[in-house]
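The following exercises introduce two pockets and one pair of residues. Each task is followed by a solution in steps.

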Amino acid sequence: MPDTPPTRSGALRRADGLAVPALRNARLPDGRLVDVDLADGVISAVTPATAAPYDDRDLDLTGHLLLTAPAEPHAHLDKALTYDEIRSPPGDLDAAIRAWDDHTPHLTVDNIAERAHRAALRLLANGTTAVRSHVNLLRGDDPLRGVRALVAVREELAELIDIQLVALTPYVVGDDVLHQAIDLGVDFVGGHPHQTPDPSGNLARLLAVAHARGIGADLHTDERLDPTMLTLEELANTVRDWPRALPVTAGHCVSLGMLEPESLARVIASVRAANIGIVALPITNLYLQGRDRPAATPRGITAVRALLDAGVRLAAGADNVRDPYNPMGRSDAMETAMLLVTAAHLTPTEAYHAVSTGARDVMGLPAAGVEVGARADLLAIRAANLDEAMADAPADRIVLRRGKLVSVSRTERSTAPLVPGSRRAPARTGS
């Protein structure tokens, strides 16, 4: 099994990938201390913690908060971790696009796959068990380099993390290439119509391919602080009668945050009627947006509170991690959730829901969490409560996917075994 990346202050660890029968002494966000039984990858029982005999494969989670595992609804694994190669100066969205386009001739299947593999394992080590990644269809003679790389990474990591792929289709790349990407295994049609010379035409083109191929669409939408940019409303009106088997997602939607209440309510009503999932991306949008407004700089984030209050399906993700679009980023859902609290004024509970249960819903994944019948995709983090977990982002984390232990990150201070006795610790020091 691949090694998880080093923790901030601890040893390199890797997990066994074995099924776990039970979790003992786990703290839930509501304060309850529970034992959790698992069977066939789902939760079979949640009961008050007791001193019942342990199986030697049980995990003792004393001191840990047990949460639904995060899901990342909007990543760019093909771009991740390129910042040190590109070293683009700080700039807005257009500058980031230029820097990336200038770098793409240097990309190979191998170097894309190597970085994407590392980036996916960073997400996993921090608790994320599912990720949807956009992958650029590239200009030039071999536009499918990124797709081939990420399909290979998805296959390599299939026992550890669920990876969905979206073909991010530039205006200049033809439908034939998009169809080839779908044939190679991408799950969704993607693009950024608002960035093109013909937003309506490009939107119609991408949606036509998605509908014809019987797959969903996940579009970068209105990534500008411009209240007149409302591609989202056109998208909602276009797909309103689509079958639910063809899910539609819109990421960014920054312009919503600039609308007056009446216009905002109208657009949100259309979005809800079309059942579109909205993905807020605070880290990258806060970095890129508003640089042209030195006074009273607006927040580069969608209208999160209004969307949530209206009952729209809402998720949140990290977007870019250490590339020209965002030189920062820890590949940690706790970072995204924290920014939803500080920049979007959500409560910690609402914020964590957006990066876990809400993200899974938008991604079309089975429900997970500490409930009987839910998939056992779980994160145990060394914290007393959710506020502490979000504020401190402790490095000590235990990750289960479908009831199997897939990652253990522990600091040097946390040396006690996770199971009673010493017959088998569920993690071992990696090479």
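**Exercise 1.** Which helix or strand gives the most to the lining of the second largest pocket?

*Solution.* The model is predicted: local features need pLDDT of at least 70, side-chain atom pairs count only at pLDDT 80 or more, and totals for chains, interfaces and linings use all residues. Residues are numbered from 1 along each chain as its sequence is written, and side-chain values use heavy atoms, with hydrogens and water left out.

Step 1. A pocket is an open set of points on a 1 Å grid over the protein atoms alone, where a 1.4 Å probe fits, with protein on both sides within 12 Å along at least five of seven lines; lining residues have an atom within 4 Å of a point.

Step 2. The elements that each supply at least two lining residues are α2 (93-103), β9 (162-169) and α9 (282-288).

Step 3. With 4 residues, α2 gives the most to this lining.

**Exercise 2.** Determine whether S270 is buried or exposed, and which residues it touches.

*Solution.* Step 1. S270 belongs to helix α8 (residues 261-273); helices are DSSP runs of H or I, at least four residues, and strands are runs of E, at least two.

Step 2. Its relative accessible area is 12%, so S270 is buried (under 20%; exposed is over 50%, partly exposed in between, with a 1.4 Å probe and protein chains only).

Step 3. Not counting residues up to four places away in sequence, S270 touches E233, A236 and N237, where contact means heavy atoms within 4.5 Å.
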